[in-house]
Amino acid sequence: HPEPGGDTLENLYPALVECFGIILLGYLAGKFSLINDIEAKGLSIFVGKFSLPALIFVSLCQLNLTAVNWSFLAAVSIAKSLVFFGVLIVGAVSQGSHIGLSALCAIFCTQSNDFAL
């Protein structure tokens, strides 16, 4: 019998090496001035406005909804909602009429990179 979670770890290591490798290459490109500011800005626009949204769309289209752990997703959503409304209420009480500032603080407390979920 294979080890529980063994397949997950086998998939995790290549993904981590790939992510940190790309970060390292980007750092080295900036450190040694392989790309200038204009090229970096163009690359940023390309990745942020075209590549990443397309990648997210394709990944969502190929998502196997039967493999989603719905109870985990619900637990994360409930926890984030509790933190959001807790910070919103505490901020509204302590800040008085500055509900916008309280809302921003609540957003900052709950927003994270949830693509991995």
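Two aromatic pairs are counted in this predicted model. In one of them, the rings of Phe84 and Phe85 adopt an edge-to-face arrangement, with 5.2 Å from centre to centre and 90° between the planes. The angle is over 60 degrees, and the pair is therefore classed as edge-to-face rather than tilted or stacked. With regard to solvent, Phe84 has a relative accessibility of 22% and is partly exposed. Phe85 is likewise partly exposed, at 48% relative accessibility. Because the partly exposed class runs from 20% to 50% relative accessible area, both Phe84 at 22% and Phe85 at 48% fall inside it.

Helix α3 comprises residues 70–95, 26 residues in total. At 1.5 Å a residue, a span of 38 Å is expected for helix α3, and its end C-alpha atoms lie 36 Å apart, in agreement with that expectation. After α3 comes Gly96, which has a positive phi near 75°.

Helix α4 covers residues 99–110 and includes Thr110. The relative accessible area of Thr110 is 7%, so this residue is classed as buried, the cut-off being under 20%. Through its side chain, Thr110 reaches the backbone oxygen of Ala106 at a distance of 3.0 Å. When neighbours within four places in sequence are set aside, the contacts of Thr110 are with Lys80, Val83 and Phe84. Phe84 thus appears both as a contact of Thr110 and as a partner of Phe85 in the edge-to-face pair.

Notes: Residues numbered from 1 in each chain as written. Predicted model: local features only at pLDDT ≥ 70, side-chain atom pairs only at ≥ 80, totals over all residues. Heavy atoms only, no water. Phe/Tyr/Trp six-rings, centres within 6.5 Å; stacked < 30°, edge-to-face > 60°. Buried < 20%, exposed > 50% of the residue type's maximum accessible area, 1.4 Å probe, protein only. Helix = DSSP H or I, 4+ residues; strand = E, 2+ residues; numbered from the N terminus. Expected span 1.5 Å × (residues − 1). Polar contact = N/O pair within 3.5 Å; in protein donor to acceptor, adjacent residues only side chain to side chain. Contact = heavy atoms within 4.5 Å.
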